[in-house]
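Hi,

Here is the structure I promised to send over. Have a look at it first, and then read on for my notes.

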Amino acid sequence: MKTAFNLATVFFLAFFLQSCNLLSAAGVSSQGQPTKEVKNGLTSTTANSSVNVDHSQWDKLLKKYVDDEGMVNYKGFKKDEAKLNEYLQMLSEKNPTDDWSVQELLAYYINLYNAATVKLIVENYPVKSIKDIDGAWTKGRVAVGDKMLSLGGIENGILRKMNEPRIHFAINCASISCPKLLDEAYTAAKINEQLERATGVFINSDKNEISASNPKVSSIFDWYAKDYKVNGKQDVIGFINKYSNTKINPGATLSYKNYNWELNEQK
């Protein structure tokens with residue numbers, strides 16, 4: 001009886017620890033990474049941080065291999081994989097702390113997510129969809145200090161906790177229906193303007209079919225509905241209307257477009 005009890009305890013603890021690890025990888029935990037909140041609006045500045053990260057290497061790669069429509073030349077990235085790896089290694093060695101400003105943290109983690117996603121595709125290229133890659137969002141793939149972060153962890157455990165819903169239009173999941181990958185690196189000096197532009201471009205793009213009474217919008221607004229707030233209250237339509245050229249009636253019912261997970265590759 002005692003042996004059975006001990007075995008049951010061991011199995012429970014093993015299951016519990018495995019579950020915790022999976023939740024952490026999927027993004028419930030920040031894994032000790034700093035997650036400062038944006039308060040009273042975001043301004044672009046480099047003046048309030050102990051560190052100003054140089055993202056110029058990533059910027060050059062983006063300008064070289066991403067077109068105006070956000071489509072990506074993965075074959076080109078593969079040829080320049082060494083430079084991509086050098087950039088990710090540089091980010092790994094920075095190891096963010098609470099002494100960094102919220103602007104620096106946002107730019108760092110957005111660029112980290114996007115660069116790591118490109119690396120994931122390059123490592124598995126040719127591939128038709130990121131969803132064909134085992135554990136694309138849940139496996140630890142990116143070294144930051146002594147931690148291995150997953151893409152899901154960066155998005156859900158860090159960026160979503162920073163009270164800045166526009167991050168959803170800045171990070172790119174290598175798919176057709178994703179907000180387009182910007183052809184420049186995010187920086188603390190331009191972060192607010194870059195997020196504002198990315199959000200407006202996405203909302204007014206063909207990723208949404210916006211009308212006053214029968215709006216059909218990206219599934220992103222369904223998956224992350226609680227992130228979109230106006231005056232502190234969840235209001236997806238109100239958030240969209242801040243950027244949309246066509247205003248949705250407040251009482252309209254949103255429907256959601258099917259998500260196209262095909263690779264966002266230049267043809």
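Below is what turned up in it, beginning with the charged pairs.

Keep in mind that this is a predicted model. The count of salt bridges comes to 12. One of them pairs Lys 64 with Asp 80, at 3.3 Å from N to O. That pair ties together distant parts of the chain, since Lys 64 sits in helix 2 and Asp 80 in the loop between helix 3 and helix 4, 16 residues apart. Lys 64 counts as exposed because its relative accessibility is 54%, whereas Asp 80, at 12%, is buried.

Another bridge stays inside one helix: Lys 119 and Glu 123 both belong to helix 5, 4 residues apart, or about one turn. Their side chains meet at 2.9 Å, N to O.

Then there is Lys 257 with Glu 209, where the closest N and O atoms are 3.3 Å apart. Here 48 residues separate the partners, with Lys 257 in the segment after strand 6 and Glu 209 in the loop between helix 7 and strand 3. Lys 257 is buried at 18% relative accessibility, while Glu 209 is partly exposed at 43%. Glu 164, Arg 166 and Glu 196 are joined into one network by salt bridges that share partners.

Arg 166 is also among the contacts of Asn 192, along with Leu 42, Thr 43 and Ser 44, leaving aside neighbours within four places in sequence. Asn 192 lies in helix 7.

On the cysteines: the structure has 1 disulfide, formed by Cys 173 and Cys 178 with their sulfur atoms 1.8 Å apart. Both cysteines, Cys 173 and Cys 178, are buried.

Cheers

Technical notes. Residues numbered from 1 in each chain as written. Predicted model: local features only at pLDDT ≥ 70, side-chain atom pairs only at ≥ 80, totals over all residues. Heavy atoms only, no water. Helix = DSSP H or I, 4+ residues; strand = E, 2+ residues; numbered from the N terminus. Contact = heavy atoms within 4.5 Å. Disulfide = S-S within 2.5 Å. Buried < 20%, exposed > 50% of the residue type's maximum accessible area, 1.4 Å probe, protein only. Salt bridge = Lys/Arg side-chain N within 4 Å of Asp/Glu carboxyl O.
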